[in-house]
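This report introduces a protein structure to a reader who has not met it before. The topics are its cysteines, two of its helices, its cavities, and some points of backbone geometry.

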Amino acid sequence: MTHAGSAADQAGTEEQRPSAATPPSQLVTEASHAAALDAADSLGDFRQRFVVRDPRLVYLDGNSLGRLPRATVERLREVVDDEWGGQLVRGWDHWLDAPLRVADGLAPLIGAGPGEVVVADSTTVNFYKLAWAALGARTGRRAIVTDRDNFPTNRYVLEGLAEQRSAEIRWLDGDPIDGPQPADVAALLDANVALVTFSLVNYRSAALADLAAITALAHDAGALVLWDLSHAAGAVAVDLEGGDADLAVGCTYKYLNGGPGAPAFLYVRRALQAGLRNPIQGWFAQRDQFAMGHGFRAVGGIGAWLTGTPGILALAAVDEGAALTAEAGMDAVRAKSVALTEYAIALHDAWLAPLGFTLGTPREAARRGSHVAVRHRDARRLCARLIARGVIPDFREPDSIRLGLSPLTTSFGDVRTGIAALRELAAE
Ligand SMILES: Cc1ncc(COP(=O)(O)O)c(C=O)c1O
């Protein structure tokens, strides 16, 4: 299994990777080059497994909301008609363990084992649960280390926790493109740090942090580490177990194609499960739940991180989305992601840089996730005009257009059409 942050592993093998650097046609900007890359793409057929209502729409925002798998449409119809409609409350006989069952299917995609993941609640709620638990497990320590460029919900949760638990946040001011580096993290660590937490892939620049190195540094200082994998799951071959990660959360509605607002995943390394406590003592984590007894006694294992009644329709959608990525295989997914981002960067350099754009994403493939940020002083207006033309990326403050490249659904032709449209608009 691969280590997040390890260059050779994350880039995929040479055989697997359609390469933008060694073009089959002479010029990277030619349409024939995109066509050749698409023809050589071993994952190209996966696009047909998704609903594509408007084939002319160029969708470059799968890092916000992944496309709808066709299998999900069928599966939801079954769950609605047969299970909800037919079985009614009897469905709970097999729905009860859905959060653990769906999680065991997803676990290998993030390098976790069975019984180490649940799928439930939102990423924000899960992040709160695990950050709270980490502070509780390191009594006497009062500091949290994170970066100022972390995703807003994580920063807000930590600020609230710091207030509630009289903790101090040590903010890392990392490079806005390269993200938090191990040496910068080391400088903030000492015996007062309880929790270190970063996003594995930065939501704006796509910087990919070195999971194994940062985790090892935090462990040397006696702290626990909580990773947010929202922009990594389904795009980067994450290895939580191999990287000795303690805790992780992440969205399923991005590259895992679980649907809008789909429940998030939460990971706790098996060896830590007995020693950490979920701050929300809900009945779905209660031993002998339907005895309805007095006094909370948590079940053993990862089920202790459940809270209330899970959304069964949403879980079925996550199951289908994750199964598609599992079928494609994370090594092939990562290889395609690298090829897509390399191609987008090559087109940025050829077409956009002369028009005043700069690259907002690391150039080294092993240091980035699956989107490419291009920066321009007029980015907000250009992004709105692109969307009006049927090319859908998104804008992130202050000056980035994010081109989200989903390995299962984005074609090299999409990348070329989208960046050509941006070039045309910027040139006007
Ligand atoms: C890194 C990261 N964490 C968390 C979230 C969102 O969390 P939630 O699903 O709780 O809104 C996002 C959403 O884009 C994200 O990018």
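## Cysteines

The model described here is predicted, and it holds 0 disulfides. Cys 251 takes part in no disulfide, and the cysteine sulfur nearest to its own, that of Cys 383, lies 20 Å away. A disulfide is a covalent bond between the sulfur atoms of two cysteines. Seen from Cys 383, the closest cysteine sulfur is in Cys 251, and the separation of 20 Å is too far for a bond.

Are these two cysteines buried or exposed? Cys 251 counts as buried because its relative accessibility is 5%, under the 20% limit. Cys 383 counts as buried as well, at 3% relative accessibility.

## Helix α7

Helix α7 covers residues 152-164, 13 residues in total. From its first C-alpha to its last it reaches 18 Å, close to the 18 Å expected at 1.5 Å a residue. Just after α7 comes Ser 166, with a positive phi near 50°.

Which residues of α7 are buried? They are Pro 152, Thr 153, Asn 154, Arg 155, Val 157, Leu 158, Leu 161 and Ala 162. An α-helix has 3.6 residues a turn, so residues three or four places apart point the same way. The elements that cover the buried residues of α7 include the helix α6 (123-137) and the strands β3 (143-147), β4 (168-172), β5 (193-199) and β6 (224-228).

## Helix α10 and the contacts of Val 102

The 17 residues of helix α10 should span 24 Å at 1.5 Å a residue, and the 25 Å between its end C-alpha atoms agrees with this. Its buried residues are Ile 312, Leu 315, Ala 316, Ala 317, Val 318, Glu 320, Gly 321, Ala 322, Leu 324, Thr 325 and Ala 328. Among the elements covering them are α3 (70-87), α4 (92-95), α5, β2 (117-119) and α11 (330-352). Immediately after α10, Gly 329 has a positive phi of about 90°.

Val 102 belongs to helix α5, residues 98-106. This valine is buried, with a relative accessible area of 3%. What does Val 102 touch, not counting residues up to four places away in sequence? Its contacts are Val 119, Leu 315, Val 318 and Asp 319. Leu 315 and Val 318 are themselves among the buried residues of α10. Ala 322 is 220 residues from Val 102 along the chain, yet their C-alpha atoms are separated by 8.6 Å.

## Ala 285 in its loop

Ala 285 lies in the loop between β8 (265-268) and α10 (312-328). Its relative accessible area is 0%, and Ala 285 is therefore buried. Leaving aside neighbours within four places in sequence, its contacts are Phe 296, Arg 297, Ala 298, Val 299, Gly 303, Ala 304, Leu 306 and Thr 307. Of these partners, Thr 307 is 22 residues from Ala 285 in sequence, with the two C-alpha atoms 6.0 Å apart.

## Cavities

How many cavities of 30 Å³ or more does the structure hold? There are 2. The largest encloses about 40 Å³ of space and is lined by Asp 147, Asp 149, Asn 150, Pro 180, Ser 199, Val 201, Asn 202 and Ala 207. This lining consists of 3 nonpolar, 3 polar and 2 charged residues.

The second largest cavity has a volume of about 30 Å³. Gly 234, Tyr 255, Asn 257, Val 333, Ser 406, Pro 407, Leu 408 and Thr 409 line it. Here the division is 4 nonpolar and 4 polar residues, with no charged ones.

## Backbone geometry

Most residues other than glycine have a negative phi, and most peptide bonds are trans. Leu 88, in the loop between α3 and α4, has a positive phi near 50°. Asp 121 is not a glycine either, and its phi is positive at about 55°. This aspartate is found in the loop between β2 and α6 and counts as partly exposed because its relative accessibility is 29%.

Which form does the peptide bond from Glu 397 to Pro 398 take? The bond is cis, with omega near -5°. Pro 398 is placed in the loop between β12 (394-396) and β13 (400-404).

Conventions:
Residues numbered from 1 in each chain as written. Predicted model: local features only at pLDDT ≥ 70, side-chain atom pairs only at ≥ 80, totals over all residues. Heavy atoms only, no water. Disulfide = S-S within 2.5 Å. Buried < 20%, exposed > 50% of the residue type's maximum accessible area, 1.4 Å probe, protein only. Helix = DSSP H or I, 4+ residues; strand = E, 2+ residues; numbered from the N terminus. Expected span 1.5 Å × (residues − 1). Contact = heavy atoms within 4.5 Å. 1 Å grid on protein atoms, 1.4 Å probe; cavity = no way out; pocket = protein on both sides within 12 Å on 5 of 7 lines; lining within 4 Å. Points joined across faces, edges and corners; volume = space filled by probe spheres on them. Nonpolar A, V, L, I, M, F, W, Y, C, P; charged D, E, K, R; others polar.
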